[in-house]
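Biologist: Please take a close look at one part of this model, the protein surface near the DNA. Describe that surface first, and then say how the rest of the model is put together.

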There are 2 protein chains.
Amino acid sequence: MVKSEKDNTRDRILGAAKKVFQSKGMAGARMQDIADEAGINKALLHYYFSSKAKLFEVIFKEAFSQFFPKINAAIDADIPLEDKIRFFCSEYIDMMKQNPFLPLFVLYEMNSRPKQFAKEMWHNRQSPLQRFTIQIEKEVKKKNIRAVNPTELFINMLSMLVFPFVGKPLWMAASGMDELAFNQFMEERKTSIPNFIIESLNK
Amino acid sequence: MVKSEKDNTRDRILGAAKKVFQSKGMAGARMQDIADEAGINKALLHYYFSSKAKLFEVIFKEAFSQFFPKINAAIDADIPLEDKIRFFCSEYIDMMKQNPFLPLFVLYEMNSRPKQFAKEMWHNRQSPLQRFTIQIEKEVKKKNIRAVNPTELFINMLSMLVFPFVGKPLWMAASGMDELAFNQFMEERKTSIPNFIIESLNK
DNA sequence: GTCTATAACTCGATAGAC
DNA sequence: GTCTATCGAGTTATAGAC
């Protein structure tokens, strides 16, 4: 076990805060919950992070940014479009399996502060959607795929990847799936979603 | 203007509570906010609904149940499958346009109490998914459509309908759409989503 | 039914000892 | 750096007048 990285108080706080904020949200989380989870007391939280808002900001930014490296890596990879889509879907589902509360947390807090959020979002870089669009248009021009609306394609793909996770209690209650069956279901979607998408691109 | 229905205090409270709870969530909402919105004082809230939790429960159940009459009506309609899908997508998008906070509110609060939620959900009736599954299997048997996994089809459709609404700030920041463009975009999806789905069913 | 006033409690934040 | 103790603001809920 590596100690130097994980065993200092600051990192324990961050780990605890991540867990509590992601499951209860900013408004629902209590500093006491975070302190308990980290095995320390409230005063020490304020010693490391001066306020609840500051601590939340750190956690939210980290959670939000976690969504994009994978998108960017997939978009920029020097492989055929079809492989990119397969790669991206598989990686994204893995990430959400490991962080099941992440999507709803980000969506909820983002919608609570849409204005503030819009400003800081891409730090003046090109958005993944813009870069995806350029690539799709190139493929259309080369007649490798039929003419499609790239925004629509992008949103459809992300919808089918993310929504099953945020609606999980719904599917479980409606179909009788348990935790294990749900995970198996998402595992199968690593291929069924790309198949569905790619099929629609072949004229 | 109809007065008898809307102008009594109880209904004013319910309207105010719906607005506040849906935009701020259970944890973020304040009884004072609801009282202000309704134009009354806090004490009167407790006179009509004994506690915040009770009032929330009424609002949540109403919001949750709002999702399903349309699904059921579409599933049970005596029209061809293709028409059902088109009808359902169009109605569902209209509903979410009129209640933009509804989907995220329900998803978030549902995920906060997945256990309690699972019990009460369908009141022992057949879930929409189960009824949808029966219909799809019938169509497959008649060879009207190719063999598909009904659960997957159902979740894909719902994903593409709902997720664009909960991720709205994301698309707006990523693509530069404004409110008007977003509404136009969703209007177009009333046809593009069914097209996408139906196409995948024709072998 | 509706209000004002306030009790009872929760929670973020700080003071100060070690 | 870490703790205990406590303050003070904000919140749910109730008492009681009208």
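Modeller: A residue counts as buried when its relative accessible area is under 20%, with the protein chains only taken into account. By that cut-off, 47% of the 203 residues of chain A are buried. The model is predicted, and every value below is computed from it.

I begin with DNA strand C. There are 15 residues around DNA strand C, and the ones that come nearest are Arg30(A), Met31(A), Lys52(A), Asn41(B) and Tyr48(B). By class, this surface consists of eight nonpolar, four polar and three charged residues. On the DNA side, 62% of the atoms of strand C within 4 Å of the protein belong to sugar or phosphate, and the rest belong to bases.

Several polar contacts go to phosphate oxygens of DNA strand C. In chain B, an N or O atom in the side chain of Tyr48(B) is 2.7 Å from one phosphate oxygen, and a polar side-chain atom of Thr9(B) lies 3.1 Å from a phosphate oxygen of the strand. From chain A, His46(A) places a polar side-chain atom 3.0 Å from a phosphate oxygen of DNA strand C. Two elements give two or more residues to the surface near this strand: helix 3 (42–48) of chain A and helix 3 (42–48) of chain B. Helix 3 of chain B gives the most, with four residues.

Next comes DNA strand D. This strand is surrounded by 15 residues, and the closest are Asn41(A), Tyr47(A), Tyr48(A), Lys42(B) and Lys52(B). Of the atoms of DNA strand D that come within 4 Å of the protein, 63% are accounted for by sugar and phosphate. The class make-up near DNA strand D is eight nonpolar, four polar and three charged residues.

The polar contacts to DNA strand D include one from Asn41(A), whose side chain has a polar atom 2.8 Å from a sugar or linking oxygen. In chain B, an N or O atom in the side chain of His46(B) is 3.1 Å from a phosphate oxygen of DNA strand D. Met31(B) contributes through its backbone, with a polar atom 3.2 Å from a phosphate oxygen of the strand. Helix 3 of chain A and helix 3 of chain B each supply at least two residues to the surface near DNA strand D. Here helix 3 of chain A gives the most, with four residues.

The fold behind this surface can be described from chain A. Chain A has twelve helices and zero strands. Its C-alpha trace spans about 65 × 45 × 35 Å along the principal axes. The domain assignment divides chain A into domain 1 (1–50) and domain 2 (59–201). The C-alpha centres of these two domains of chain A lie 29 Å apart, and their contact takes eight residues from domain 1 and nine residues from domain 2. Among contacts in chain A between residues at least 6 apart in sequence, 66% join residues at least 24 apart.

Aromatic side chains form another part of the picture. Over all chains the structure holds 32 aromatic pairs. One of them is Phe165(A) with Phe182(A), edge-to-face at 5.8 Å centre to centre and 85 degrees between the planes. Phe165(A) lies in helix 10 (residues 150–166) of chain A and Phe182(A) in helix 12 (residues 179–201), so this pair ties together parts that are 17 residues apart in sequence. Both Phe165(A) and Phe182(A) are buried. In chain B, Phe132(B) and Phe154(B) make a tilted pair, 5.3 Å centre to centre with 50 degrees between the planes. Helix 9 (residues 128–141) of chain B holds Phe132(B) and helix 10 (residues 150–166) of chain B holds Phe154(B), so the pair ties together parts 22 residues apart in sequence. Phe132(B) and Phe154(B) are buried as well. Chain A also has a cluster linked by ring pairs, with Phe21(A), Phe56(A), Phe60(A), Tyr92(A) and Trp122(A) among its members.

Finally, one buried position in chain B. Ala74(B) is found in helix 5 (residues 68–76) of chain B and has a relative accessible area of 3%. Leaving aside residues up to four places away in sequence, Ala74(B) touches Lys84(B), Phe87(B) and Phe88(B). From Ala74(B) to Cys89(B), 15 residues apart in sequence, the C-alpha to C-alpha distance is 9.4 Å.

Technical notes
Residues numbered from 1 in each chain as written. Chains lettered and ligands numbered in written order. Predicted model: local features only at pLDDT ≥ 70, side-chain atom pairs only at ≥ 80, totals over all residues. Heavy atoms only, no water. Near = heavy atom within 4 Å. Polar contact = N/O pair within 3.5 Å; in protein donor to acceptor, adjacent residues only side chain to side chain. Nonpolar A, V, L, I, M, F, W, Y, C, P; charged D, E, K, R; others polar. Phe/Tyr/Trp six-rings, centres within 6.5 Å; stacked < 30°, edge-to-face > 60°. Buried < 20%, exposed > 50% of the residue type's maximum accessible area, 1.4 Å probe, protein only. Contact = heavy atoms within 4.5 Å. Domains from an automatic or database assignment.
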